Amino acid sequence: MFESLRVPVIAAPMAGGPSTPELVTSVVRAGGFGFLAGGYLTAATLADQIHKTRELAGESFGVNLFVPGVRSLVDVTSYADRLSGEADRYGVAPGAGRWDDDGYAAKLDLVVERRVPVVSFTFGTPLVADIERLHEAGVTVVVTVTTPDEAREAATAGADVLCVQGFEAGGHRAVFTDDASSDSGGPLLGLLSALRLIGAETDLPLVAAGGLVHGADVAATLSAGAVAAQLGTAFLRADEAGTNGTYRAALDAGGRQTAITRAFSGRPARGLENRFLRENSAAAPAAYPQLNNITKPVRAAATAAGDPEAVSLWAGQTYPLTESGPAERIVARLAEQAREAVSAAARRFG
């Protein structure tokens, strides 16, 4: 279905607030496609967002869900104790280091019942039976992958489309299994390399994701075999995004490097470097979502205080090149830049 988009640009699902029905709608009006982020939402809240998006954008939207992983047996008590001083700084206590499945079953039932046009998955491949349920409801299934092995698994399970994520991407790496022996959770493939390697393994349509902020980036991924480009960081500063003020201010200021860390959630994710990331990354175990639940009160209090030093500021490597303004205008600019890039490349080849 992405092959028919007037502008092959997709607003990525960004859990934690940035993705909104208004952002999806603005991108759709510009000729693209948008995802709601089901991660961390209750099924009831997600139902409300689906209803509102459908009213505003029709059927040109999707929902992303987090696939529950195997429960980590790592003792996270020492990490919670480590953060007591950080929590005291903001007048809160660390959260309980509990495991949960993010209400996955209820949200899966919801997207089937509501016949959401497209459902994408991150952190793994759904059960074959779940994919069959979605297909019976007329839902297109997208699975986010980072390696050829993951792509083969998703294709075998029945995925219709693969979203290929390069290491440049902001937010959580979509690795199926978080390798605790690796700071990045698994192999690091750049987006163009991943597109070529995965494209050699499957005939499924590929969507490209990872550090894309310019129309020339979109053109490059299409040339490498993608049918569309999925952009998240590029829309963080959009007027319609739900990015909070502390987060926006850090993005606006620029000047920070990005790094991959488990410090905030227990899963590797790329964000802007700050005090929390620097001081706790080396000590953070591979225990998601336990660490996410432990750090949640600290992150919320720091956000409310306007202090970016203890907030998970997820962003791709190219975040300094992003722009603010209406999402519709951002998409129009991307389309114009992509056309110019394609023309320039064509001239180089005579």
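**Exercise 1.** Which right-handed unit do β4, helix α6 and β5 make?

*Solution.* Before we start: this is a predicted model, where local features need pLDDT of at least 70, side-chain atom pairs count only at pLDDT 80 or more, and totals for chains, interfaces and linings use all residues. Residues are numbered from 1 along each chain as its sequence is written, and side-chain values use heavy atoms, with hydrogens and water left out.

Step 1: find the pieces. Helices (H or I, at least four residues) and strands (E, at least two) are DSSP runs, numbered from the N terminus. Helix α6 covers residues 128-136.

Step 2: name the unit. Together, β4, α6 and β5 form a right-handed β-α-β unit. Right-handed means that, with the strands pointing away from you, the path from the first strand over the helix to the second runs clockwise.

**Exercise 2.** Work out which strands pair with β4.

*Solution.* Step 1: get the rule. Two strands pair if DSSP finds at least two bridges between them.

Step 2: take β3 (residues 61-66), which pairs with β4 in the parallel sense over five bridges. Here Asn-64 sits opposite Ser-120.

Step 3: take β5 (residues 140-145), parallel to β4 and joined to it by four bridges. Here Phe-121 faces Val-143.

**Exercise 3.** Explain why β4 is largely enclosed.

*Solution.* Step 1: sort the side chains. Val-118, Ser-120 and Thr-122 point one way, Val-119 and Phe-121 the other.

Step 2: check burial (under 20% relative accessible area, 1.4 Å probe, protein chains only). Five of the five residues in β4 (118-122) are buried, so the rest of the structure largely encloses this strand.

Methods:
Buried means under 20% relative accessible area, exposed over 50%, partly exposed in between (1.4 Å probe, protein chains only).
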